[in-house]
Structure formats: C-alpha cells, structure tokens
Amino acid sequence: MDKVVASATEAVADVGEGASLAVGGFGLSGVPSVLIRALLERGVGGLHVVSNNCGTNGRGLGELLAAGRIARVTGSYVGENKEFARQYLAGEVEVELIPQGTLAERLRAGGCGIPAFYTPAGVGTMVAEGGLPWRHHPDGSVAVASPPKEVREFDGVPYVLERGIVTDFALVRAAKGDAYGNLVFAKAARNFNPLAAMAGRVTIAEVEELCDLDPDEVHLPGVFVRRVVPLTPEQAAGKGVEKRTVTPAVKEA
C-alpha cells in the first residue's frame with residue numbers, strides 16, 4: 001500500500017477542531033515542523049497535544065501555542081518556552097505535567113493496546129496523590145487539579161496506576177522512510193518520535209529522504225504509519241537548534 005501524500009497540507013486536511021495529537025521531538029530535535037506549520041495554516045484550534053515539551057518561543061509546537069490553537073498539553077517539560085509558562089500560569093492552557101519516563105511508557109502502552117500499567121515513578125508525590133495544578137484561574141489560583149490515582153503494592157512495593165495514551169493523530173519526523181510507512185530516525189531525533197507514532201490512530205510522518213529501506217534498519221514498522229510526506233531538500237535542512245554553544249579554542253602548550 002503506497003502511503004505517500006503529495007503535501008503536508010493534504011496530509012493534515014482532516015485534522016479537525018479539538019483533535020488530540022501525539023507529536024514527536026525533544027526540544028527542537030526531531031520536531032515535525034513542516035506538518036506543524038501546515039496545521040497552523042489550516043486554522044484549527046482547541047487542540048489537545050501530547051508531547052515531551054511544547055517547542056520554544058515561536059518554533060515547533062510553539063507556533064501553534066503562540067497562535068492560541070492549543071487548549072491542553074500533556075508533557076514533561078515547559079523548557080525554554082516563556083509563552084508556554086505564561087499561558088499556563090494565566091489559565092489560558094491546561095497542562096498535565098508527568099514524569100518523562102511515564103510519558104514515554106504511556107505512549108508506548110497506548111500504541112500496544114495496553115490500557116494501563118503500574119509504575120513506581122510518582123509514588124508518594126502529588127503525581128499519585130493528586131492536587132497538581134492542571135489549569136489556573138487568571139488570578140493564579142487553581143481552577144482544575146489532577147485527581148488521585150490508584151496505588152497498589154506488589155511484593156511490598158507501592159506502584160501507581162497510569163493510563164496508556166491514544167490520540168486521534170500523531171505527527172512525527174523521520175530521517176528516512178519508504179512508501180509503505182517504514183521509518184528510520186537519526187541519532188537524537190529517535191527520541192519520542194517512535195512512541196508518538198505508535199500512539200496515534202492516524203500517524204503522519206514527514207521524511208527527509210524517501211527511499212527503499214533494508215528491513216534490518218527499520219526503527220518503526222509501517223503498520224503504525226498511515227501517511228508519508230516527503231520533504232523538499234530545503235525543508236529537510238530546516239532543523240532548529242534550541243541553544244547554540246561555542247567551545248573556546250584550546251591553546252597549544
């Protein structure tokens with residue numbers, strides 16, 4: 001089955017108002033920026049996003065956030081995005097912050113058809129006991145708080161119950177992909193992308209290179225991917241850097 005779609009605009013054409021999205025990337029590494037921009041241009045809002053972080057100011061998911069298109073974020077890290085922090089504290093967006101490893105496993109579990117699992121992460125904290133602010137009132141008081149979760153002991157050790165995550169759509173970026181949706185990710189971009197792809201009912205992948213793949217090099221099988229968008233060389237080269245650093249020159253003895 002050929003899953004190649006001519007453009008990002010066509011690929012996201014059925015993402016509707018209030019849709020839930022699992023989005024790959026970590027910081028700005030492996031972020032499906034072309035698909036995000038196509039979604040921005042569509043004008044849909046009220047989106048529920050599941051991603052490690054929400055991009056940076058005006059980049060990645062930060063573009064949708066700045067335009068007021070995101071209603072809720074499930075993630076691990078506010079990061080360097082001041083607008084994300086401002087909207088959260090002002091009550092403009094609902095935010096569920098969860099441990100990073102738990103987020104990864106919730107996405108994987110959802111993709112594998114596992115409805116829930118137990119983990120020790122968060123036991124004895126507000127993650128398990130509830131009370132974490134999900135949404136604030138404009139005055140800064142808590143409007144919506146997280147509910148308590150079930151805690152159960154196994155072999156005398158307490159574990160908290162976490163639900164698997166399944167979303168309407170998933171947006172991911174891969175270094176290479178074939179017409180059947182098999183994907184290969186490059187280095188640090190192989191972060192949340194495979195997990196996000198597994199969690200989406202309809203997964204859309206932008207790929208830097210469309211080519212034939214050796215089965216042994218595939219990181220994510222095509223069964224998880226519904227649409228493949230080949231990027232132009234210019235789009236493929238467009239990779240943001242969250243923080244640029246310069247190493248001082250080493251003086252010779």
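Q: Which helices and strand each supply at least two residues of the lining of the largest pocket?

A: They are helix H1 (8–11), helix H2 (33–42) and strand E10 (167–177). Helices (H or I, at least four residues) and strands (E, at least two) are DSSP runs, numbered from the N terminus. A quick word on the model: it is predicted, so local features need pLDDT of at least 70 and side-chain atom pairs count only at pLDDT 80 or more, while totals for chains, interfaces and linings use all residues. Residues are numbered from 1 along each chain as its sequence is written, and side-chain values use heavy atoms, with hydrogens and water left out.

Q: What makes a residue part of the lining of the largest pocket?

A: On a 1 Å grid over the protein atoms alone, a pocket is an open set of points where a 1.4 Å probe fits, with protein on both sides within 12 Å along at least five of seven lines; a lining residue has an atom within 4 Å of a point. By that rule 28 residues line the largest pocket, and Val-31, Ser-33, Arg-173, Gly-238 and Lys-239 lie nearest its centre. H2 gives the largest share, 5 residues.

Q: What volume does the largest pocket have, and what is counted?

A: About 520 Å³, taken as the space filled by probe spheres set on grid points joined across faces, edges and corners.

Q: Why does Gly-164, in the lining of the second largest pocket, count as polar?

A: Ala, Val, Leu, Ile, Met, Phe, Trp, Tyr, Cys and Pro are nonpolar, Asp, Glu, Lys and Arg are charged, and the others, Gly among them, are polar, so Gly-164 is polar. This lining has 4 nonpolar, 5 polar and 3 charged residues, and E2 gives the most to the lining, with 3.

Q: What makes the largest nonpolar core a core?

A: Its members are buried (under 20% relative accessible area with a 1.4 Å probe, protein chains only; exposed is over 50%, partly exposed in between). They are Ala, Val, Leu, Ile, Met, Phe, Trp, Tyr or Cys residues joined through side-chain atoms within 4.5 Å. The set has 34 residues, with Leu-21, Leu-35, Leu-39, Leu-47, Ile-70 and Ile-204 making the most contacts inside it. H2 supplies the largest share, 5 residues.

Q: How do you know that the length of H5 agrees with its number of residues?

A: The expected span is 1.5 Å times one less than the number of residues. For the 12 residues of H5 (residues 100–111) that is 16 Å, and the end C-alpha atoms are 17 Å apart, so the two agree.
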